[in-house]
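The following exercises concern one protein chain and its ligand. Each task is followed by a solution in steps.

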Amino acid sequence: MKLYYIPTTRAVRPRWLLEEIDISYDLVNVTMEMSRSNEYANLNPHGKVPVLVDENVTIFESAAICAYLADKYLERGFAPKLESSARAYYYQWMFYASLTLEAPVEQYMFHVLPDLPEKLLPKQAQAKVTPEEATQWFAKVCGPLNELLKDNNYLVENSFTAADVVTGGVLLWALKLGMLQQDSPVKTYLARLMERPAFQKADEDTYAKID
Ligand SMILES: N[C@@H](CCC(=O)N[C@@H](CS)C(=O)NCC(=O)O)C(=O)O
């Protein structure tokens with residue numbers, strides 16, 4: 001199994017889950033030059049990370065990779081069983097993290113790191129909202145998370161799943177960008193996730209080298 005990877009990017013999410021599952025994998029460090037090559041376009045037509053290659057499967061999108069891995073190693077308990085109604089909430093938080101929670105964080109990031117390479121989103125669509133607006137937007141979308149995490153340690157049946165990896169990965173960005181200033185159940189939850197040995201193996205302090 002090969003994970004195409006750049007440190008501190010969304011590629012940290014599947015790496016973290018691979019560490020949780022505790023299987024061996026190869027990490028391929030993708031350079032910007034490599035990500036623009038025709039060869040890499042065969043792996044991900046958008047030239048982005050992460051990509052997972054697992055025998056006959058080549059898959060992009062960080063949340064999809066996490067969902068794929070959690071199901072492939074279902075016996076490790078990182079996804080509810082197919083027949084379980086908890087599966088509905090698992091999907092909810094996976095999609096929420098990728099679509100709803102990440103949007104204001106990405107907009108905020110465009111202000112803090114304006115020179116990050118971005119192959120798809122036109123420049124004028126980046127940082128379209130002010131940092132203050134992004135912060136307010138983020139606070140609103142954190143509402144249901146804060147509510148749930150008042151009484152729970154994890155998102156689905158109070159047990160750690162890939163939905164925590166994807167959500168934690170987005171919150172990690174928010175923390176590193178300085179968006180998580182005030183104490184909240186969400187901040188406590190992230191601190192709990194960051195104590196996990198698998199998280200610590202996948203997380204890196206330094207931002208990816210951009211060439
Ligand atoms: N929705 C995709 C986003 C992938 C993505 O934008 N990856 C960034 C790193 S976080 C990237 O490769 N950027 C390089 C570029 O756009 O040139 C996912 O979650 O995998």
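**Exercise 1. Determine which polar atoms lie beside the ligand's nitrogen and oxygen atoms.**

Step 1. A polar backbone atom of Val-49 is 2.9 Å from a nitrogen atom of the ligand. This is a predicted model, in which local features need pLDDT of at least 70 and side-chain atom pairs count only at pLDDT 80 or more, while totals for chains, interfaces and linings use all residues. Residues are numbered from 1 along each chain as its sequence is written, and side-chain values use heavy atoms, with hydrogens and water left out.

Step 2. Turn to the side chains. Glu-61 places a polar side-chain atom 2.7 Å from a nitrogen atom of the ligand, and Arg-10 places one 3.0 Å from an oxygen atom of the ligand.

Step 3. Complete the surroundings. The residues around the ligand (a heavy atom within 4 Å of it) also include Lys-48, Pro-50, Glu-118 and Trp-173.

**Exercise 2. Examine the backbone at Pro-50 and at Thr-8.**

Step 1. The peptide bond that leads from Val-49 to Pro-50 is cis, its omega being near 0°. Pro-50 sits in the loop between α3 (38-41) and β3 (51-54); helices (H or I, at least four residues) and strands (E, at least two) are DSSP runs, numbered from the N terminus.

Step 2. Thr-8 has a positive phi, near 65°, although the residue is not glycine. Its place is the loop between β1 (2-5) and α1.

Step 3. For comparison, most residues other than glycine have a negative phi, and most peptide bonds are trans.

**Exercise 3. Describe how domain 1 and domain 2 meet.**

Step 1. Fix the bounds. Domain 1 covers 2-78 and domain 2 covers 86-196, as given by an automatic or database domain assignment. Their centres, taken over C-alpha atoms, are 20 Å apart. To the contact (heavy atoms within 4.5 Å), domain 1 gives 21 residues and domain 2 gives 23.

Step 2. Consider the area. About 1,800 Å² is buried between the two domains, with 58% of it from carbon and sulfur atoms; buried area is the accessible area (1.4 Å probe) that two parts lose on being put together, summed over both. Of the area that domain 1 buries against domain 2, Arg-10, Arg-13 and Trp-16 supply 35%, more than any other three residues.

Step 3. Count the polar links. Between the domains there are 10 residue pairs in polar contact, both residues at pLDDT 80 or more (N or O atoms within 3.5 Å; within protein, one must be able to donate a hydrogen and the other to accept it, and residues adjacent in sequence count only if both atoms are side-chain atoms). On the side of domain 1 that touches domain 2, α4 gives the largest share, five residues.

**Exercise 4. Which partners do Lys-48 and Arg-13 have in salt bridges?**

Step 1. A salt bridge is a side-chain nitrogen of Lys or Arg within 4 Å of a carboxyl oxygen of Asp or Glu. The whole structure has 10 salt bridges, and six are counted between domain 1 and domain 2.

Step 2. Lys-48 pairs with Glu-118, with 3.0 Å between the closest N and O atoms.

Step 3. Arg-13 pairs with Glu-102, where the closest N and O atoms are 2.8 Å apart. Because Arg-13 lies in helix α1 and Glu-102 in helix α5 (residues 86-112), this pair ties together parts that are 89 residues apart in sequence.
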